[in-house]
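Here's a quick briefing to read alongside the model. Have the structure open and rotate as you go.

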Protein chains: 2
Amino acid sequence: MDIKNDLSMEQTILEVAEKLFLEKGFTSTSTTEIARVAGCNQALVHYYFRTKDNLFNTIFEKKFRMLFEHLYASQNFGNISFSEKVRHAVESHFDLLTNNPKLPLLVATELSRLPENLKNLRNKLQAVPFELFTRLNNELQQEIDEGRARKIELIDIIITMVTLNAGLFMLLPIANGILQLDEEHTKELLAHRRNENVQVILNYIKP
Amino acid sequence: MDIKNDLSMEQTILEVAEKLFLEKGFTSTSTTEIARVAGCNQALVHYYFRTKDNLFNTIFEKKFRMLFEHLYASQNFGNISFSEKVRHAVESHFDLLTNNPKLPLLVATELSRLPENLKNLRNKLQAVPFELFTRLNNELQQEIDEGRARKIELIDIIITMVTLNAGLFMLLPIANGILQLDEEHTKELLAHRRNENVQVILNYIKP
DNA sequence: GTTATATTTAATAGCTCTATTAATTGGCTA
DNA sequence: TAGCCAATTAATAGAGCTATTAAATATAAC
């Protein structure tokens with residue numbers, strides 16, 4: 001049905017699998033369906049990746065790593081004010097999710113249901129760069145000392161940002177269904193909420 | 001293994017099914033396992049509920065309805081200030097999720113993957129009580145007019161509250177895994193975030 | 001105590017899924 | 001062209017799942 005050409009079949013399988021896992025989760029996606037959509041025999045999926053678990057973990061690890069490393073990477077900016085850094089972090093995180101709207105739900109689902117996977121992932125991730133965390137913490141402390149922020153913990157800012165942004169994308173299909181939004185209005189809603197989420201965080205920090 | 005007595009077997013099956021569906025989702029839960037945990041023959045599950053879909057929908061509809069009706073019900077308070085009403089709504093929503101921590105993820109997962117279910121649910125729900133929405137909107141307008149709130153839409157307050165609270169519970173297992181929290185520290189985190197989420201919303205509204 | 005009714009079980013048909021194995025095809029090289 | 005290796009397929013074992021059917025057991029009614 002969905003045969004792709006001019007890509008190696010191994011790559012095609014990976015891409016099809018990623019799409020299907022994101023749409024339907026691990027359990028509801030079968031190697032049989034992956035093969036059907038990729039346009040190859042089902043045994044080929046196992047030839048390249050041996051097990052369904054292997055295939056899934058290959059994809060999942062890459063995506064999970066991306067989410068995390070993005071959080072660090074989005075903070076490599078020098079000479080702007082703290083609140084501009086916060087704005088940039090929120091927007092950058094939001095944009096990442098806009099490009100990967102189904103990822104938060106997949107991550108939440110698969111890690112809730114198989115917490116032991118989280119242990120493996122945790123070991124494979126580079127540790128949270130304490131240097132970065134410390135630096136941001138110092139900047140925040142300075143903001144507080146100079147009266148530009150209320151007394152607040154950095155971790156709470158991060159948790160608020162992540163739950164707010166990821167929560168929106170995880171609940172978006174429901175909001176769409178209830179509010180009966182078409183694609184155009186969904187885009188508008190997202191553009192609007194991007195600004196609102198920035199506002200929520202900035203007001204949260206404001207003294 | 002988990003045989004329960006002194007309840008009708010039909011009720012036991014319902015309770016076991018609810019627990020398993022919440023833990024593992026629809027697809028990963030089998031009627032075979034439900035029967036095993038309930039301590040009865042697998043055919044009995046189908047005797048009472050005919051299909052797995054039926055059983056799931058019975059449970060899911062009840063839970064979904066609860067989530068919605070709670071949102072309305074938590075707003076039947078007369079003589080307190082608007083910001084106290086907001087605080088109460090956020091805390092009450094948070095507490096509901098504390099008692100049903102796995103529900104948001106189940107709802108998000110199953111409705112994302114089967115959007116047609118959402119249509120059925122939508123019809124079965126009582127329509128959003130416009131009277132309530134209008135009344136709150138009027139109160140908010142008055143707050144804005146009198147300078148106690150900045151110019152803001154009611155729907156944005158609601159979206160912020162729901163994504164913030166539900167997002168936290170959906171991501172909690174991940175936070176637990178990453179931060180290595182035991183049960184005690186998880187409780188502390190939740191108690192803390194309950195206050196923070198109130199603060200986030202109140203600051204979001206503040207002029 | 002017998003009969004009707006509700007509850008529960010055993011057995012099984014019919015699927016679909018994962019994973020493996022052996023055979024087939026196709027391209028490249030010597 | 002023969003031979004090697006990678007890519008691909010056909011076939012299938014073995015398992016689990018849903019749903020149904022018929023039989024067995026318990027419960028209540030008369």
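Throughout this briefing, two residues are in contact when they have heavy atoms within 4.5 Å of each other. By that yardstick, and leaving aside neighbours within four places in sequence, Asn203(B) is in contact with Arg150(A), Asn203(A), Tyr204(A) and Lys206(A). Bear in mind that this is a predicted model. The notes below start with chain A, move on to how the two protein chains relate, and end with the DNA.

**Chain A at a glance**

- Chain A has 10 helices and zero strands, so to speak an unbroken run of α in its pattern: α-α-α-α-α-α-α-α-α-α.
- Along the principal axes, the C-alpha atoms of chain A fill a box of roughly 65 × 40 × 35 Å.
- Of the 207 residues in chain A, 47% are buried.
- Take the contacts in chain A with a separation of 6 or more: 70% of them are between residues 24 or more positions apart.

**The nonpolar core**

- In soluble globular proteins, nonpolar side chains tend to be buried together.
- Here the largest nonpolar core has 129 residues, and Ile34(A), Leu55(A) and Ile34(B) have the most contacts inside it.
- What does Leu55(A) contact, once neighbours within four places in sequence are left aside? The list is Leu14(A), Ala17(A), Phe21(A), Ile34(A), Val45(A) and Phe49(A).

**How the two protein chains relate**

- A turn of 180° with a shift of 0.0 Å along the axis lays chain A on chain B, and the RMSD is 0.0 Å.
- That's the relation of a two-fold axis.
- In chain A, Gly167(A) has the C-alpha nearest the axis, 2.0 Å from it.
- The copies meet through the same surface, because 100% of the interface residues of chain A are also interface residues in chain B.

**Helix H10: two residues to click on**

- Asn203(B) sits in helix H10 of chain B, residues 183-205.
- Is Asn203(B) buried or exposed? Its relative accessible area is 4%, and the cut-off for buried is under 20%, so Asn203(B) is buried.
- The side chain of Asn203(B) also reaches across to chain A, where the backbone oxygen of Asn203(A) is 3.2 Å away.
- Thr186(A) is in helix H10 of chain A, again residues 183-205.
- With a relative accessibility of 11%, Thr186(A) counts as buried too.
- Not counting residues up to four places away in sequence, Thr186(A) touches Leu172(A), Asn176(A) and Leu181(A).
- For a sense of scale, Thr186(A) and Ala175(A) are 11 residues apart in sequence, and their C-alpha atoms are 9.2 Å apart in space.

**DNA strand C**

- There are 16 residues around DNA strand C, of which Thr31(A), His46(A), Lys52(A), Asn41(B) and Tyr47(B) come nearest.
- Among the atoms of DNA strand C within 4 Å of the protein, 61% belong to sugar and phosphate.
- Asn41(B) puts a polar backbone atom 2.7 Å from a phosphate oxygen of DNA strand C, and Lys52(A) has a backbone N or O atom 2.8 Å from a phosphate oxygen of that strand.
- His46(A) works through its side chain, with an N or O atom 3.4 Å from a phosphate oxygen of DNA strand C.
- The elements giving two or more residues to this surface are helix H2 (31-38) and H3 of chain A, along with H3 of chain B.
- H3(B) gives the most, with four residues.

**DNA strand D**

- DNA strand D likewise has 16 residues around it, and the nearest are Asn41(A), Tyr48(A), Thr31(B), His46(B) and Lys52(B).
- Sugar and phosphate make up 62% of the DNA strand D atoms that come within 4 Å of the protein.
- Which side chains have a polar atom by a phosphate oxygen of DNA strand D? Among them are Thr31(B) at 2.7 Å, Tyr48(A) at 3.1 Å and Ser30(B) at 3.2 Å.
- Helix H3 (42-49) of chain A, plus helix H2 (31-38) and helix H3 (42-49) of chain B, each supply at least two residues of the surface near DNA strand D.
- H3(A) gives the most to that surface, with four residues.
- By type, the residues near DNA strand D are seven nonpolar, eight polar and one charged.

Key
Residues numbered from 1 in each chain as written. Chains lettered and ligands numbered in written order. Predicted model: local features only at pLDDT ≥ 70, side-chain atom pairs only at ≥ 80, totals over all residues. Heavy atoms only, no water. Core = buried A, V, L, I, M, F, W, Y, C linked by side-chain atoms within 4.5 Å. Buried < 20%, exposed > 50% of the residue type's maximum accessible area, 1.4 Å probe, protein only. Least-squares fit on C-alpha atoms with pLDDT ≥ 70 in both. Near = heavy atom within 4 Å. Polar contact = N/O pair within 3.5 Å; in protein donor to acceptor, adjacent residues only side chain to side chain. Nonpolar A, V, L, I, M, F, W, Y, C, P; charged D, E, K, R; others polar.
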